[in-house]
Amino acid sequence: MSNPASPALDFDGLRPPSPFLMAEHDQWRAHLRGFINRHVAPNLDAWDAASDFPGALYQQAAQDGILGMGFREDLGGTGEDIDLYHRIIFAEEFFRMGSGVVFADLATPWIALPPIINGGAPEMLDRIARPVLAGDKKIAFAVTEPGGGSDVSGFVTTAERRGDCFIVNGGKTLISGAMKADCLLTAVRTGGPGIGGLSLLLIETDRPGVTRGSVPGLEWYNRNNGWLKFDNVEVPVGNLIGVENRGFAGLANQFNIERFSGIAATLAMTRTCVAEAVAFARERQTFGKRLIDHQVMRHKIVDMIQRLKVSYAFLDLLVWRFSQGETPVADLAMLKIQATTTLEHCARESLQVLGGRAYTGGNRVERIYREARIFVIGGGSEEILRDLAAKQMGF
Ligand SMILES: Cc1cc2nc3c(=O)[nH]c(=O)nc-3n(C[C@H](O)[C@H](O)[C@H](O)COP(=O)(O)OP(=O)(O)OC[C@H]3O[C@@H](n4cnc5c(N)ncnc54)[C@H](O)[C@@H]3O)c2cc1C
């Protein structure tokens, strides 16, 4: 018999109560869920199979006040008066269905647009920011290079000044949204070696010398993820974003904020997996009793819920600390590792509970199991974040 005071072990019930979640957050969640139930959920299996989704979803998301979350209203955004929970809930709701195919591209403006709005030429507000927030233009954030993404200081794509232009040579890879992007926010080497020689440059993808293609190994995930090559691409100096050779200086805070989205995505997928495992274990009979009546299965489920609760307690604490003006970088790095390894563990264990049923359709666990590894690499890999935490703690 379950305790009537215990929450249901479904997606919503698996989110531990938080003293920081208010009515406005519930409204935002309901709004997002309505959008996803109407426009995403019915198509998700087909989009997964095609590894793609229609461009019209960008405009729909813009019309419904979703694409412009947190951006200035005069640019077509929903207004800057949001907190970290709005971003967290956005990621949770999209990943409730394991719909990474949609999220990775729709969320790119969060990381690519702020440097342009804050550090680009004023004409870029009309040329880039407004059309992107209306869903009419697409932008990608192109930093990672074929030679490696972790060691930013080793990037070799160059932008050499010649008169009023930069001449760009090099390439990027694994870029979300690359195949449909009209423009890219890239990191290019304009100065000497190291992180101090990097600048941010906007490159339109229709410029002569830009070529691109899908990253083949990722087609199961999102065919829109791709590589780009720059062969003597002429880019006007006016496309420089921020201060030359200080391209990464202003991005640290933005990376911290974005890290919360990745963390929220992983915890949402974990909840989906655990909810599916619980539902299945309650119904499936083996050796004359329900799966959940076997002690090993009960322990698996309790262990998963315990890890989920620890991760959310850590998340809520850090959201509160950020809201107080603190920037606990080491703790945020450790929270991302905590959340992503929780997902990896729970995706594996949930799939184990489902057994062969996980592969016969009608559930999200197998899809999430395949996608889980990406989160331990993108947005700061486990090793790089452990090193960051160690440095911050002074050893
Ligand atoms: C689905 C997906 C979407 C992506 N989208 C984008 C995007 O939109 N834009 C973009 O710019 N990039 C994107 N990336 C790239 C991502 O940011 C990189 O994969 C990531 O930064 C790691 O770089 P890398 O893969 O080149 O690994 P590498 O830097 O080559 O490292 C390989 C492995 O070694 C580890 N490692 C590296 N250095 C050390 C060290 N000093 N000590 C211990 N271990 C170390 C790393 O953690 C990693 O596990 C995406 C990646 C994926 C998979």
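This note looks at the ligand site of a predicted model.

1. Start with the neighbours. The ligand has 16 residues around it. T144, G149, S150, S381 and E383 come nearest.

2. Now sort that shell by class. Eight of its residues are nonpolar and seven are polar. One residue is charged.

3. Three polar pairs deserve a look in the viewer. At T144, a polar side-chain atom lies 2.7 Å from a nitrogen atom of the ligand. At E383, a polar side-chain atom lies 2.7 Å from an oxygen atom of the ligand. G149 uses its backbone instead: a polar backbone atom there is 2.7 Å from a ligand oxygen atom.

4. How much of the ligand does the protein bury? Taken alone, the ligand exposes 970 Å². The protein buries 63% of that area.

5. Next, find the site within the fold. The ligand takes up the space of the largest pocket. Strand β3 (165-175) supplies at least two residues of the shell. Helices α11 (365-377) and α12 (382-392) each do so as well.

6. Finally, why does the ligand lie between domain 2 and domain 3? Domain 2 (139-241) gives residues to the shell, and so does domain 3 (251-392). Because both domains contribute, the ligand lies between them.

Note on methods. Residues are numbered from 1 along each chain as its sequence is written. This is a predicted model: local features need pLDDT of at least 70, side-chain atom pairs count only at pLDDT 80 or more; totals for chains, interfaces and linings use all residues. Side-chain values use heavy atoms; hydrogens and water are left out. A residue is near a molecule or strand if one of its heavy atoms lies within 4 Å of it. A polar contact is a pair of N or O atoms within 3.5 Å; within protein, one must be able to donate a hydrogen and the other to accept it, and residues adjacent in sequence count only if both atoms are side-chain atoms. Accessible areas come from the Shrake-Rupley method with a 1.4 Å probe; for residues, only the protein chains shown count as cover. On a 1 Å grid over the protein atoms alone, a cavity is a set of points where a 1.4 Å probe fits but cannot get out, and a pocket is an open set with protein on both sides within 12 Å along at least five of seven lines; lining residues have an atom within 4 Å of a point. A molecule sits in a cavity or pocket if more than half of its atoms lie within 2 Å of its grid points. Helices (H or I, at least four residues) and strands (E, at least two) are DSSP runs, numbered from the N terminus. Ala, Val, Leu, Ile, Met, Phe, Trp, Tyr, Cys and Pro count as nonpolar, Asp, Glu, Lys and Arg as charged, and the others, Gly among them, as polar. Domain bounds come from an automatic or database domain assignment.
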